[in-house]
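Below are some notes on the model, set out point by point. They go through the sheets, the helices beside them and the surroundings of the ligand.

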Amino acid sequence: MTVKIRVENLSKIFGRNPKAVLKKLEIGITKEEILKKTGNAVGVNNVSFEVNEGEIFVVMGLSGSGKSTLIRCLNLLNKPTAGKIFFEGEDIVKYNKKQLRELRQNKIAMVFQHFGLFSHRTVEDNAAYGLEVKGVEKEERLRIAREILETVGLAGWGKKMPHQLSGGMQQRVGLARALANNPDILLMDEPFSALDPLIRREMQLELLDIQDTVQKTIVFITHDVNEAFKIGDRVAVMKNGEIVQIGTPEEILSNPANEYIEDFIKDIDRSKVKQAKHVMFKPSPLILHKDGLKFAAKEMETQGISSIFVVDRGRKLQGIITIDDTIKAIKKGEKLEDIIQQDFFTIDTETYIQDLLPMAIETKFPIAVVNDTNKLEGIIVRASVLSGLV
Ligand SMILES: Nc1ncnc2c1ncn2[C@@H]1O[C@H](COP(=O)(O)OP(=O)(O)O)[C@@H](O)[C@H]1O
Ligand SMILES: [Mg+2]
């Protein structure tokens, strides 16, 4: 893994004489006391973290915890009071104006909560805005803009005005505008917080799809723990300008750093975070093709199950047979090939439990968890999905 962004001991204090405030923070005076005594707001206090290339790094925290201040430091819209910010090893805090302009035009782009579109420009002119600023000629920038609009699901909408689009679509334009410059790094400050819950969930999935294609390094801000855990490869939890914990959703869920985090994750819907690998059973009992029907029938009877998966020697999944079919086949002298079925769901180990519900409703068989060579890794019993036991 390559580190794309490294932040070291970053602080941002608003108001007069911020350096003096830093000293107060160092000796343990709290943010509230500082605000009361000096009038300075502590935005970010001594924060360090790394973001890997190609990951979605989510910063989550309550309103006022310093998320926006932090992300605005990353493109130097906020000048840090202290600390270093390395992009690919270069400290951008030291950049001069020209370097900064280049950075913002070519390397980094931001998507805002309230879309920030130009109301008097068409959708494609909005998407092409960054390219226009860079001096890319009209035909070329519109060609790129249309291509990106297609990526974000807005093919054919280029000639409309922003107000003709729904909120979700407007934010797609915001995303297209950010992507049009082909930046390495995308900064997204609560991009979906202004959207209706349904649209919002749709956009979360859409972002994951788009990320599969564009493979950017994304810093994504949210105050919503479900959103954070759904889209974050790793999540940093902020409180009072500090980072309280950094980890994968699973790490944070299974090992909350303190009571504050425990409270935060209490109402998370675990089905969104848990994956097949966390809830699957060892794939047994199984039968091999060569075992034959009588053996299969006996195995199902002794185990009290009504179907059984058939595998080959490498535990590659061949299919499934039911007890009813097996008994009939034995009577009729049929073979395993005559009754083996493929009518079951296979998923991989990373599949989220919430995505299993529709399958569990539809299928009459257990769900097979396989790897990319079709080796059976585990089994998920549909009843446990339906009953919410996993
Ligand atoms: N431009 C500013 N001037 C003064 N204080 C600010 C400014 N921006 C943010 N703050 C303060 O910094 C703290 C963190 O704010 P912010 O980063 O906006 O939080 P969040 O994005 O997590 O809601 C708050 O106490 C806020 O009042
Ligand atoms: Mg904010």
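**Notes on the predicted model**

1. The strands β2-β1-β4-β5, in that order, make up an open sheet of four strands with antiparallel pairing. Its edges are β2 and β5 (90-91), each of which pairs on one side only. This is a predicted model, and the remarks below should be read with that in mind.

2. Within this sheet, β1 has two partners to consider. With β2, the pairing of β1 is antiparallel and runs over eight bridges. F14 is placed opposite A41 of β2. With β4 (residues 82-87), the pairing of β1 is again antiparallel, over five bridges. Two pairs can be used to check the register against β4: I5 has F87 as its bridge partner, and V7 is opposite I85.

3. Helix α1 lies across β1, β2 and β4, and its direction is at about 100° to β1. Which residues of α1 (residues 18-26) are buried? They are P18, V21 and L25. These residues lie on the same side of α1, because the arc they cover around the axis is only 50°. The cover over the buried residues of α1 includes β1 (3-14), α2 (31-38) and β2 (41-52). The other side of α1 carries the exposed residues K19, A20, K23 and E26. Just after the helix, G28 has a positive phi, of about 95°.

4. K36 belongs to helix α2. Is K36 buried or exposed? K36 counts as exposed because it has 9 C-beta neighbours inside 10 Å, and the limit for an exposed residue is 12 or fewer. K36 can also be placed relative to E26, which is one of the exposed residues of α1. The two are 10 residues apart along the chain, and 17 Å separates their C-alpha atoms.

5. Which residues surround ligand 1? They are F14, A41, G43, G61, S63, G64, S65, G66, K67, S68 and T69. The elements that contribute two or more residues to this shell are β2 and α3 (67-74). α3 contributes the most, with three residues. By type, the shell around ligand 1 has two nonpolar, eight polar and one charged residue. F14 and A41 are both in this shell, and they are also the pair that stands opposite between the strands in point 2.

6. Strand β8 (residues 217-222) deserves a separate point. Six of its six residues are buried, so β8 is largely enclosed by the rest of the structure. The burial applies to both faces: T217, V219 and I221 are buried on one side, and I218, F220 and T222 on the other. In a regular strand, side chains alternate between the two faces of the sheet.

7. β8 pairs with two strands described here. β3 (residues 56-61) runs parallel to β8, with five bridges between them. V59 has I221 of β8 as its bridge partner. β7 (residues 185-189) is also paired with β8 in the parallel sense, over five bridges. Here L187 is opposite V219. Both of these β8 residues, V219 and I221, are on the face that also holds T217. G61, which is part of the shell around ligand 1, falls within the residue range of β3.

8. A further open sheet has three strands in the order β11-β12-β13, and its pairing is mixed. The edge strands are β11 (286-288) and β13 (317-322), with pairing on one side only in each case. From one strand to the next, the twist averages 35°. β11 and β12 (residues 307-311) run parallel and are joined by three bridges. The bridge partner of I287 in β12 is V310. Helix α15 packs on this sheet, where it touches β12 and β13, and its direction makes about 80° with that of β13.

9. D325 is a residue of α15 (residues 323-332). What is the burial class of D325? D325 is partly exposed, because 19 other C-beta atoms lie within 10 Å, whereas a buried residue needs 20 or more. The C-alpha atoms of D325 and L336 are 9.5 Å apart in space, and the two residues are 11 apart in sequence.

How values were computed. Residues numbered from 1 in each chain as written. Chains lettered and ligands numbered in written order. Predicted model: local features only at pLDDT ≥ 70, side-chain atom pairs only at ≥ 80, totals over all residues. Arc of directions from axis to C-beta. Contact = placed C-beta atoms within 7 Å. Near = placed C-beta within 6 Å. Nonpolar A, V, L, I, M, F, W, Y, C, P; charged D, E, K, R; others polar. Pairing = 2+ DSSP bridges. Axes fitted to C-alpha atoms, helices over the stretch in contact; angles between N-to-C directions.
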